[in-house]
Number of protein chains: 4
Amino acid sequence: MQVKVLIDCNDEKGLVYKISRLFYEHGLNIEKNSEFVDGEYKKFFMRSVISGEIEIQVLQEELYSLLPEGANVRIIPPRRKKIVIMATKESHCLGDILIRYADGELDADIEAVVANHDDLRGLTEKFDIPFHHISAKGLDRDEHEKRVIATLDRYEFDHIVLAKYMRILNPEFVKHYEEKIINIHHSFLPAFIGANPYKQAYNRGVKIIGATAHFVNNMLDEGPIIYQDVIRIDHSYSWQDMQQAGRDVEKIVLAKALKYALEDRIFVYANKTVIF
Amino acid sequence: MQVKVLIDCNDEKGLVYKISRLFYEHGLNIEKNSEFVDGEYKKFFMRSVISGEIEIQVLQEELYSLLPEGANVRIIPPRRKKIVIMATKESHCLGDILIRYADGELDADIEAVVANHDDLRGLTEKFDIPFHHISAKGLDRDEHEKRVIATLDRYEFDHIVLAKYMRILNPEFVKHYEEKIINIHHSFLPAFIGANPYKQAYNRGVKIIGATAHFVNNMLDEGPIIYQDVIRIDHSYSWQDMQQAGRDVEKIVLAKALKYALEDRIFVYANKTVIF
Amino acid sequence: MQVKVLIDCNDEKGLVYKISRLFYEHGLNIEKNSEFVDGEYKKFFMRSVISGEIEIQVLQEELYSLLPEGANVRIIPPRRKKIVIMATKESHCLGDILIRYADGELDADIEAVVANHDDLRGLTEKFDIPFHHISAKGLDRDEHEKRVIATLDRYEFDHIVLAKYMRILNPEFVKHYEEKIINIHHSFLPAFIGANPYKQAYNRGVKIIGATAHFVNNMLDEGPIIYQDVIRIDHSYSWQDMQQAGRDVEKIVLAKALKYALEDRIFVYANKTVIF
Amino acid sequence: MQVKVLIDCNDEKGLVYKISRLFYEHGLNIEKNSEFVDGEYKKFFMRSVISGEIEIQVLQEELYSLLPEGANVRIIPPRRKKIVIMATKESHCLGDILIRYADGELDADIEAVVANHDDLRGLTEKFDIPFHHISAKGLDRDEHEKRVIATLDRYEFDHIVLAKYMRILNPEFVKHYEEKIINIHHSFLPAFIGANPYKQAYNRGVKIIGATAHFVNNMLDEGPIIYQDVIRIDHSYSWQDMQQAGRDVEKIVLAKALKYALEDRIFVYANKTVIF
């Protein structure tokens, strides 16, 4: 069996030694290993891919017993993950994930797509994935989100992917799915927080635009950043041209962030990410 | 009516004046204008988007009469273009074009997909596009291409898009569709011409890989380059990792080149492109 | 003689024709030509490089007479430009300009370097350029700037280059040298306005950092952007690492913006730039 | 004391454990740690920054005794390195290194500059660095290189930096300074090997150009690549424009590769590099 072991804890001397000794004593092989010590926070991060005869429960207990107090240990056996996608009207991010899903590149099952408009039903159902249209018309945010949660909770999943879901989420919603929600924001954050970032970018006259994938927390557009990328533009771009050109960056950035999450390569701390 | 006027000819004094005078005398408005003079070849290139009451035949004749001998004038009225796609087994480029088509981003109709394997039938037919599997098994290249041509020629189209079509084309095939074929090559040409560029890149130990979209001419991988892009890699990438990471570059580069072609922004000369 | 002609005015039909006719009637040759119409502001921009027997005064008057009211016409004969540089302690931007100057790449003379610290005297004087140390110690901003202006005004110059000049400038100073001051800001504006952008970037956990060259106006870090570039970073970068890595981006971005200015390729309007 | 430990050897189970145990038993602290296993070559690479009371000789012997046969162990105490630079006429790469040297950014002393032309004497001597002009006029390659070697061998140094040294080196020269020579090639290798890569790039009509820093081995332009970067160009670039634009990439790429070398972050194997 091959498992991923993700450890984060306060830094102290000998951590690599103690952890690798434990693996060695269990006869386990380290296939891949990454460590990082954050000098400012005195935090130790380690991600190992190990193989051999592993009793996860036992390994986990022994790791906790040798690590400093407050440590987090995640031991992740091979398991196909599940995601749900939330969207609105734009199809480029959703479509990109669907194509990756269809050809086996996406290492996860898509359980459902939930949207506040019905536009993306046709595209979604082409790929035999349940589509739920939950209109927000006439509902306040609370009421709408209750319905979304009621639908989502019929499924099991590891991540919610906001594939251009164009509504702000209540703190209650975010809390309900803590650290599970990945969003794509259509700007190079922290520039152009909020609505219409391409218009903001156009008005500011920037020469480069970008996109940012991040975990969602209570502060709009302020969650831990997972991945960003940019493209060069010039004065000849209207904001609509920027929006059009930005679609390709958005979908690639979101796909890459999702890949990191599905491969268990992300640690979150201090509103930042460590990615191995 | 709004039309695009593309002119290329030997350079001489007064070309901008003479052409813009003609537009002015016809009461036409120049919406966009780009010019370029290649100093080495003494060649003049101009692309204008003009609007007004236009008799294309008349305008074309008058342009030819005022331009130097050997000039090329293309006047292109608004018209939805048509493409066919050739593919093999990999779906990322085809899928990307299909999604753009489905959401209206692609400014063309896809008439058909022709493939030498049957793997992509399901994906293609989801989007209600005819799929033709023309196996090359047991056929020599000539015979196979005859069958492909027989199928393609049942359709009208402006461009053939080779979306990871993994077979070399005979000069006869290329000649039959001169300047119509756009290919995506999975390397940063002219590095790694030929088969398995990712393996070649891995063996060479490069730190950046790329993709190249180009028109196809008789020399394999040596046609006029339309667009290129790259991504950074490091020693931890196997050639399969490169191939995987390269998929995103390939599809975006091909889509961008196709967009340039569909928008009539490309001039080809001296085995190079001028793109406005 | 070869001159550059830069025109911006309200857009109307026939501008390209009228301008190119004037050039043609004067027997002038258009070597290079770029136009752009801003659809939102209905503004026309044109930059031509023309050659022939030119009486600048006459040409200018005739251009004004055929252009809409409020037009700006700049006719720029070949002339070596002059710059002054303001700096503080960091040498990478100043040094980069000095090297370009020494090998003839910089198409301008450096008249003087003015700094609020004395650290860069040695480097500057190696290149036989006058260095003025004007300490701000014990002076309020007004008084300090008066002394800087008194020194600067002993020179003639086309541009002031703020090569990591780490003091905020009063509106009076900026007004005194309107549209002449080019600054390098060590972030990808508008992200991280103000002090310590690398610390801000570190705290926000961004995955890409950048630099921005812009004209200086009264609003700190909000002037028209000329050029930007970025580099990818990851969690292993301390803010000092970012600062270190950012130096290369800063100097290249500043050099490129200065090059655009020296080549008269920039139009400023609506707090943005058009760059041909 | 803080030292860097670089280990490469055949991969086997328990290496991380055994090495980290040794560090632990010596009471040493691991400040930074990077490992990589090349799956194809079954090679293990590890770079640790460790601190504590270290007897290098002892540590080295103990490491060798626990590692598989054929292992390489480098233990590098804090030591200011020395470099020599070889150049020809172009100053941008040399100048860039000199500026980094002058402001303390370069973590090495420049012992001398050796050039086959005298053009760069003035620039070099501004920074109080010995400049040796060794003309190749009237000499065959062997004879010229003998003189260069005679001059170089008067200095002690860790690296020879070819900062646009425009002559091919004999295998004897390369062998004499094995794995010490870092070159900057003005193309995105392996594209455009040999002379005039910008002309080659112009003729091929590429849309991106680049630069490559690599160790020099006997095969021209085929040594292990350390770092590469690229910039986007378009049809409006003459090959001279490319050359001009390429200068900035060349100098940054060379500086970055040199930094990796000075920080002992590079392993060379199979004509490739692992860089931590």
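## Touring the B–D and A–C interfaces

Start by selecting Ala191(B): of the residues of chain B, its C-alpha comes closest to the rotation axis, at 2.3 Å. Before you click on, some housekeeping: this is a predicted model, in which local features need pLDDT of at least 70 and side-chain atom pairs count only at pLDDT 80 or more, while totals for chains, interfaces and linings use all residues. Residues are numbered from 1 along each chain as its sequence is written, chains are lettered from A and ligands numbered from 1 in the order in which they are written, and side-chain values use heavy atoms, with hydrogens and water left out.

**Stop 1: the axis**

Show chains B and D together. A turn of 180° with a shift of 0.0 Å along the axis lays chain B on chain D with an RMSD of 0.0 Å (least-squares superposition on the C-alpha atoms of residues with pLDDT of at least 70 in both copies). The two copies are therefore related as by a two-fold rotation axis. The same surface serves both of them: 100% of the contact residues of chain B recur in chain D.

**Stop 2: the B–D interface**

Now select the contact residues, meaning those with heavy atoms within 4.5 Å. You should get 34 residues from chain B and 34 residues from chain D. The buried area here is about 2,900 Å², with carbon and sulfur atoms giving 55%; that is accessible area (1.4 Å probe) that two parts lose on being put together, summed over both. Highlight Arg204(B), Lys207(B) and His235(B), which supply 24% of the area chain B buries against chain D, more than any other three residues.

Next, pick Arg232(B) and Asp229(D). Their side chains form a salt bridge at 3.1 Å, N to O, and the interface holds 2 salt bridges in total (a side-chain nitrogen of Lys or Arg within 4 Å of a carboxyl oxygen of Asp or Glu).

Which elements should you colour on chain B? Those giving two or more residues to the side that touches chain D are β2 (29-38), α7 (197-204), β11 (225-232) and β13 (272-275). β11(B) gives the most, with 7 residues. These labels are DSSP runs, numbered from the N terminus: helices (H or I) of at least four residues and strands (E) of at least two.

**Stop 3: over to A–C**

Hide B and D, and bring up A and C. The contact takes 34 residues from chain A and 34 residues from chain C, and about 2,900 Å² is buried between them, 55% of it from carbon and sulfur atoms. In chain A, Arg204(A), Lys207(A) and His235(A) lose the most area to chain C, together 25% of what that side buries.

There are 2 salt bridges between chain A and chain C. To see one of the pairs, select Arg232(A) and Asp229(C), at 3.1 Å, N to O. On the side of chain A that touches chain C, β11(A) has the largest share, 7 residues.

**Last stop: Val230(A)**

Zoom in on Val230(A), which lies in strand β11 of chain A. Is Val230(A) buried or exposed? Val230(A) has a relative accessible area of 17%, so it counts as buried (under 20% is buried, over 50% exposed, partly exposed in between; 1.4 Å probe, protein chains only). Leaving out residues up to four places away in sequence, Val230(A) touches Phe188(A), Ile208(A), Ile209(A), Gly210(A) and Val249(A), plus Ile208(C) and Val230(C). To finish, draw a C-alpha to C-alpha distance from Val230(A) to Met86(A): they are 144 residues apart in sequence and 24 Å apart in space.
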